[in-house]
Amino acid sequence: MIKHFFPFYPSLIHMLGLLIRENYLIAGVLISSISFFLGFFFFKNYLQLITKNYKKMPVWRWSQLLLLTFSTSFFFITIYTEATFFLLFMAALYFIKKHSYFIAATLAFFVSLTRIVGVFIFIPILLSFFAVSSKSSKTSQSLLPMEKLKWLVLMLSPFFGLGSYSFYLWKTTGDPLYFLNSQSEFGANRSSHFILFPQVIYRYVRIFMMAQQNFTYFISLMELVIFGFILTILLADLISIIKKHDDHFYDRLSLNIFSFVNILLPTFTGTLSSIPRYSLMSFSFFIFLAEIKNNYTKATLFVLFAILHIFLFGFFIQGYFVS
């Protein structure tokens with residue numbers, strides 16, 4: 001199993017499962033549920049550090065509500081990597097802001113052992129370093145050599161995680177990139193070769209023109225709509241971040257770039273399959289919506305998210321593939 005999936009989450013399930021009489025189903029649900037609860041805590045605390053906290057309804061609270069009701073957020077409490085990745089990623093960013101570099105480096109190492117996109121946590125780390133360096137240059141206090149070394153280790157930690165997994169794959173399969181080259185084995189029309197984005201859109205246009213209007217047609221339409229909506233919001237968010245260029249510029253920019261990578265990276269397999277689920281990690285999307293000043297607009301989004309959430313969850317518990 002570890003040859004096909006990034007190893008940290010399956011390893012946690014295996015270890016906990018052994019403690020509860022090899023009940024791996026319960027182990028997976030427990031790990032995901034606890035991870036999501038803790039991740040929610042770090043999500044709040046991190047956003048309190050990088051967003052404005054309005055008196056009536058702070059940005060962090062709206063971000064939590066929108067994330068909680070998003071159409072596929074039920075995956076946080078299922079046996080998928082979402083909750084564990086969420087916890088590790090948000091905790092790493094939080095400890096970076098608190099200058100706890102060793103803890104942050106350890107978390108970043110395991111982030112890249114949880115999902116391929118985890119290695120891109122180096123983007124927030126790099127921009128956080130730029131922010132600290134910029135602040136030091138303004139105060140004419142350059143970083144000490146030991147502090148620079150800590151930042152270097154922190155930046156390399158996600159690559160160490162991915163590298164250790166690739167080394168394991170090389171020793172066991174002979175292919176250090178087996179996690180990429182085995183994509184076609186998962187079905188869902190995934191390709192082991194990079195597919196350009198225009199080709200992906202062309203595929204979906206063909207689906208809508210030729211396929212029967214059944215459940216698969218609905219799911220494909222939902223994938224495209226959600227992808228287009230999130231991509232549009234992320235572009236608007238990027239423009240807003242650049243225009244404001246406030247004290248949290250590097251923090252918000254790093255989350256935005258990571259969110260772009262998170263949603264675009266899966267398209268290189270030639271499909272938008274699972275995009276609604278992967279979208280949960282495009283954190284900048286939720287923050288931008290939470291920063292909308294009109295509460296009625298946010299409330300409307302909240303209701304729409306909740307309705308689609310209930311609809312998809314109903315299909316999911318009946319065994320249908322929805323993401």
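**Close-up views of a predicted model**

Arg252 and Asp237 are both buried. The views below are taken from a predicted model.

**Figure 1. Arg252 and Asp237 form a salt bridge.** The side chains of these two residues meet with a distance of 2.5 Å from N to O. Arg252 belongs to helix α11 and Asp237 to helix α10, which covers residues 215–244, so the pair ties together parts that are 15 residues apart in sequence. Side chains of opposite charge can pair when their charged atoms come close. For Arg252 the relative accessible area is 5%, and the residue counts as buried because this is under 20%.

**Figure 2. Arg252 also forms a salt bridge with Glu291.** Here the closest N and O atoms are 3.5 Å apart. Arg252 lies in helix α11, while Glu291 sits in the loop between α13 (283–290) and α14 (295–317), so this pair ties together parts that are 39 residues apart in sequence. Glu291 has a relative accessibility of 21% and counts as partly exposed, whereas Arg252 is buried. A network of salt bridges links Asp237, Lys244, Arg252 and Glu291. In total, the structure holds six salt bridges.

**Figure 3. Lys97 and Asp251 form a salt bridge between two helices.** The closest N and O atoms of the pair are 3.0 Å apart. Lys97 is part of helix α4 and Asp251 is part of helix α11, so the contact ties together parts that are 154 residues apart in sequence. Is Asp251 buried or exposed? Asp251 is buried, with a relative accessible area of 6%. Lys97 has a relative accessible area of 28% and is partly exposed.

**Figure 4. The structure holds one cavity of 30 Å³ or more.** Rolling a probe the size of a water molecule over the atoms shows where empty space is left. This cavity holds about 30 Å³ of space. Its lining consists of Tyr46, Leu93, Ile96, Lys97, Pro124, Ser128, Asp251 and Ser254. Both partners of the salt bridge in Figure 3, Lys97 and Asp251, are therefore found in this lining. Which helix gives the most to the lining of the largest cavity? Helix α4 does, with three residues. Helices α4, α6 and α11 each supply at least two residues. By type, the lining has four nonpolar, two polar and two charged residues.

**Figure 5. The second largest pocket has a volume of about 680 Å³.** Its lining is made up of 22 residues. Nearest the centre of the pocket lie Lys97, Ala131, Val132, Lys135 and Asp247. Three helices, α4 (82–97), α6 (122–138) and α11 (249–264), each supply at least two residues of the lining. The largest share comes from α6, with seven residues. The lining divides into six nonpolar, nine polar and seven charged residues. Lys97 also lines the largest cavity, shown in Figure 4.

**Figure 6. Seven nonpolar residues form a patch on the surface.** The patch is formed by Met146, Leu149, Leu152, Val153, Leu156, Phe159 and Phe160. Together they have about 640 Å² of accessible area. Leu152, one of these residues, lies in helix α7, which covers residues 145–173. The relative accessibility of Leu152 is 44%, so the residue counts as partly exposed.

**Figure 7. Glu22 has a positive phi although it is not a glycine.** The phi of Glu22 is about 60°. Where is Glu22 found? Glu22 is in the loop between α1 (8–19) and α2 (24–50). Its relative accessible area is 53%, and Glu22 is exposed because this value is over 50%.

**Figure 8. His99 has a positive phi of about 60°.** His99 is not a glycine. Its place is in the loop between α4 and α5 (101–111). What is the relative accessible area of His99? The value is 47%, and His99 is partly exposed.

How values were computed. Residues numbered from 1 in each chain as written. Predicted model: local features only at pLDDT ≥ 70, side-chain atom pairs only at ≥ 80, totals over all residues. Heavy atoms only, no water. 1 Å grid on protein atoms, 1.4 Å probe; cavity = no way out; pocket = protein on both sides within 12 Å on 5 of 7 lines; lining within 4 Å. Points joined across faces, edges and corners; volume = space filled by probe spheres on them. Helix = DSSP H or I, 4+ residues; strand = E, 2+ residues; numbered from the N terminus. Nonpolar A, V, L, I, M, F, W, Y, C, P; charged D, E, K, R; others polar. Patch = residues over 30% accessible without salt bridge, like charges linked within 9 Å, V, L, I, M, F, W, Y side chains within 5 Å. Areas by Shrake-Rupley, 256 points an atom, 1.4 Å probe, with all protein chains shown as cover. Salt bridge = Lys/Arg side-chain N within 4 Å of Asp/Glu carboxyl O. Buried < 20%, exposed > 50% of the residue type's maximum accessible area, 1.4 Å probe, protein only.
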